[in-house]
Amino acid sequence: MPLNGLSDALWQQRNLLELLLFKLEEEQLILTSGRSRWLAHATREVETVLDEIRTAELSRALAAELAAVTLGLPADASLAEVAAAAPAPWDDLLRAHRDAFATLAAEIAHLSDGNRELLTLSHRATQETLATLQDVHTYTGTGATAASTPTAQLVDRTF
């Protein structure tokens, strides 16, 4: 039955979205710990899950199209429209999937925005630290460039 195939595809996609949420939380923990050794690995894992989601999205789209057509709906019907036309218990199950997707999407958006902000702050802090280690030229009151005088540098090796 096409609704069974759609439900299976939705479960697979939900599991992948939950895995993405977990990987984003992992990435955030690494970012907030100040230890960036594993950041590249965490980012690569997020990208891997995103690739899996793209593949699962194709399967879900095909299953949704088949279910919609079987129910007499247009091929591009939304999940809410398919749920409204589906017989019990499929209608409730499809609505539950839709609600879960909305919740997961909001959580993923929140975490990815937070991670993006943490990465931006970390990048800016790194640039500022590197700038203090270089020969920095400033401007005098007349607009001419003047090299700064060398001063002692304090470097935090954990950074």
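# Close-up views of a predicted model

**View 1. Phe22 is partly exposed, with a relative accessible area of 45%.** What you see here, as in the views that follow, comes from a predicted model. Phe22 belongs to helix α1. Have a look at Val46 too: Phe22 and Val46 are 24 residues apart in sequence, yet their C-alpha atoms are 9.2 Å apart in space. Why does Phe22 count as partly exposed? Its relative accessible area is 45%, and the partly exposed class sits between the buried cut-off of under 20% and the exposed cut-off of over 50%.

**View 2. Glu47 sits in helix α2.** With a relative accessible area of 46%, Glu47 is partly exposed. Its partner in this view is Leu20, 27 residues away in sequence. Measure from C-alpha to C-alpha and you get 9.0 Å between Glu47 and Leu20.

**View 3. Helix α1 and helix α2 come within 8 Å of each other, axis to axis.** A pair of packed helices is described by the angle between the axes and the distance between them. Here α1 covers residues 2-33 and α2 covers residues 39-70, and their axes cross at roughly 160 degrees. Angles over 145 degrees count as roughly antiparallel, and so α1 and α2 are roughly antiparallel to each other. As for handedness, α1 passes α2 in a left-handed crossing. Which kinds of residue, nonpolar, polar or charged, make up the contact of α1 with α2? The split is 23 nonpolar, 6 polar and 7 charged.

**View 4. Asn115 is buried in this model.** You'll find Asn115 in helix α4, which runs over residues 90-133. Its relative accessible area is just 2%, and anything under 20% counts as buried, so Asn115 is classed as buried. Which residues does Asn115 touch, leaving aside those up to four places away in sequence? The list is Leu24, Glu27, Gln28 and Leu31.

**View 5. The peptide bond from Ala88 to Pro89 is cis.** Its omega angle is near 0 degrees. Pro89 lies in the loop between α3, residues 79-85, and α4.

**View 6. Zooming out, the protein has 4 helices and 2 strands.** Start at the N terminus and the order of elements reads α-α-α-α-β-β. The protein has 159 residues, of which 25% count as buried. The protein exposes about 10800 Å², and carbon and sulfur atoms supply 58% of that area. How much of the contact count with a separation of 6 or more comes from residues 24 or more positions apart? Those pairs account for 62% of such contacts.

Technical notes. Residues numbered from 1 in each chain as written. Predicted model: local features only at pLDDT ≥ 70, side-chain atom pairs only at ≥ 80, totals over all residues. Heavy atoms only, no water. Axes fitted to C-alpha atoms, helices over the stretch in contact; angles between N-to-C directions. Parallel < 35°, antiparallel > 145°, perpendicular 65-115°, else oblique. Left-handed = near helix turned anticlockwise from the far one by under 90°. Nonpolar A, V, L, I, M, F, W, Y, C, P; charged D, E, K, R; others polar. Buried < 20%, exposed > 50% of the residue type's maximum accessible area, 1.4 Å probe, protein only. Contact = heavy atoms within 4.5 Å. Areas by Shrake-Rupley, 256 points an atom, 1.4 Å probe, with all protein chains shown as cover.
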